[in-house]
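Reader: I would like a close look at a single part of this protein, with its surroundings described carefully enough that I can follow along in the structure. Please take one element and build the picture outward from there.

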Amino acid sequence: LGIIRWPPDWRPQHCFFVLPMLRSSGLLRPGAEVLATSSDEEPSMVQAVVKGSAPDVGLEHFALRLKGELAVALVNKRRKVYKATVKLPQPRGRAELFQYSTVRIADAPYPVGQLQPSGGRYEVQCPAYSVTVLHWGR
């Protein structure tokens, strides 16, 4: 994830606290299986590093499963807040919520709280320049 520069002063912040969060939320562990995810966000064209332009989305997403546990990560690469809806193919109960953002850096490895599904969907706010993880245990 490199270095994230937070507004408003845009000073560099090392994001090494996101790695323990990803481990404690069930994502970065040996043997985890990467799952397919999808989004209805329309990509915008951005200037490519080499030449031309390439499609890009502001909210990247991925999911991992390991021994009955499931984790979904949402990476907000933009300055705006995203409201995301996570829908799972099979119903699950309450999810633990982890967040790494401008206001949660050193304590990111600890859950912010829990989310209850509503109609089989989980609604979550993704702060600007953040990583949000929903985790379901066994």
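Author: A suitable place to begin is tyrosine 129, which counts as buried because its relative accessibility is 16%, under the 20% cut-off for that class. This tyrosine 129 lies in the loop between β11 and β12, and its phi is near 45°, a positive value in a residue other than glycine. From here the natural element to examine is strand β12, residues 130-136.

Before going further, it should be said that this is a predicted model, with a mean pLDDT of 81 for the protein and 82% of its residues at 70 or more. Residues 1-6 call for caution, since pLDDT stays under 50 over that stretch; the model has 24 contacts beyond four places in sequence for these residues.

As for the setting, the protein has one helix and 12 strands, and along the sequence these follow the pattern β-β-α-β-β-β-β-β-β-β-β-β-β. Six of the strands form an open sheet with antiparallel pairing, in the order β3-β6-β7-β12-β9-β10, so that β12 is placed between β7 and β9 in that order. The edges are taken by β3 (33-35) and β10 (113-115), each of which pairs on one side only, and the twist from one strand to the next averages 30°.

On one flank, β12 pairs with strand β7 (residues 69-76) in the antiparallel sense over seven bridges, and within β12 it is threonine 132 that leucine 74 stands opposite. On the other flank, β12 pairs with strand β9 (residues 95-100), again in the antiparallel sense, over five bridges. Two of the residue partnerships with β12 can be named here: tyrosine 100 has valine 131 as its bridge partner, while glutamate 96 has histidine 135.

The strand is also mostly covered, with seven of its seven residues buried. This holds for both faces: Ser130, Thr132, Leu134 and Trp136 are buried on one side, and Val131, Val133 and His135 are buried on the other. For comparison with the protein as a whole, buried residues make up 37% of its 138 residues.

Trp136 deserves separate attention, because at 2% relative accessibility tryptophan 136 counts as buried and it also takes part in the one aromatic pair that a search of the whole structure finds. The partner is tyrosine 122; the ring centres lie 5.1 Å apart and the planes stand at 70°, so the pair is edge-to-face. Tyrosine 122 belongs to strand β11 (residues 121-126) and tryptophan 136 to strand β12, so the pair links distant parts of the chain, 14 residues apart. Tyrosine 122, too, counts as buried, at 1% relative accessibility.

A second residue with positive phi makes a useful counterpart to tyrosine 129. Lysine 67 is placed in the loop between β6 (59-66) and β7, and its phi is near 50°, a positive value in a residue other than glycine. Unlike the buried tyrosine 129, lysine 67 counts as exposed, at 64% relative accessibility.

One further ring is worth locating, although the residue facing it is a lysine: lysine 80 lies over the face of tyrosine 82, at 4.5 Å from the ring centre. Finally, for the chain as a whole, 62% of the contacts between residues at least 6 apart in sequence join residues at least 24 apart.

Technical notes
Residues are numbered from 1 along each chain as its sequence is written. This is a predicted model: local features need pLDDT of at least 70, side-chain atom pairs count only at pLDDT 80 or more; totals for chains, interfaces and linings use all residues. Side-chain values use heavy atoms; hydrogens and water are left out. pLDDT is the predictor's confidence in each residue, from 0 to 100. Contact means heavy atoms within 4.5 Å. Two strands pair if DSSP finds at least two bridges between them. Helices (H or I, at least four residues) and strands (E, at least two) are DSSP runs, numbered from the N terminus. Axes are lines fitted to C-alpha atoms, for helices over the stretch in contact, and angles run from 0 to 180 degrees between N-to-C directions. Rings of Phe, Tyr and Trp (its six-membered ring) pair if their centres lie within 6.5 Å; planes under 30 degrees apart count as stacked, over 60 as edge-to-face and the rest as tilted. Buried means under 20% relative accessible area, exposed over 50%, partly exposed in between (1.4 Å probe, protein chains only). A charge sits over a ring if NZ of Lys or CZ of Arg is within 6 Å of the ring centre and within 35 degrees of the ring normal.
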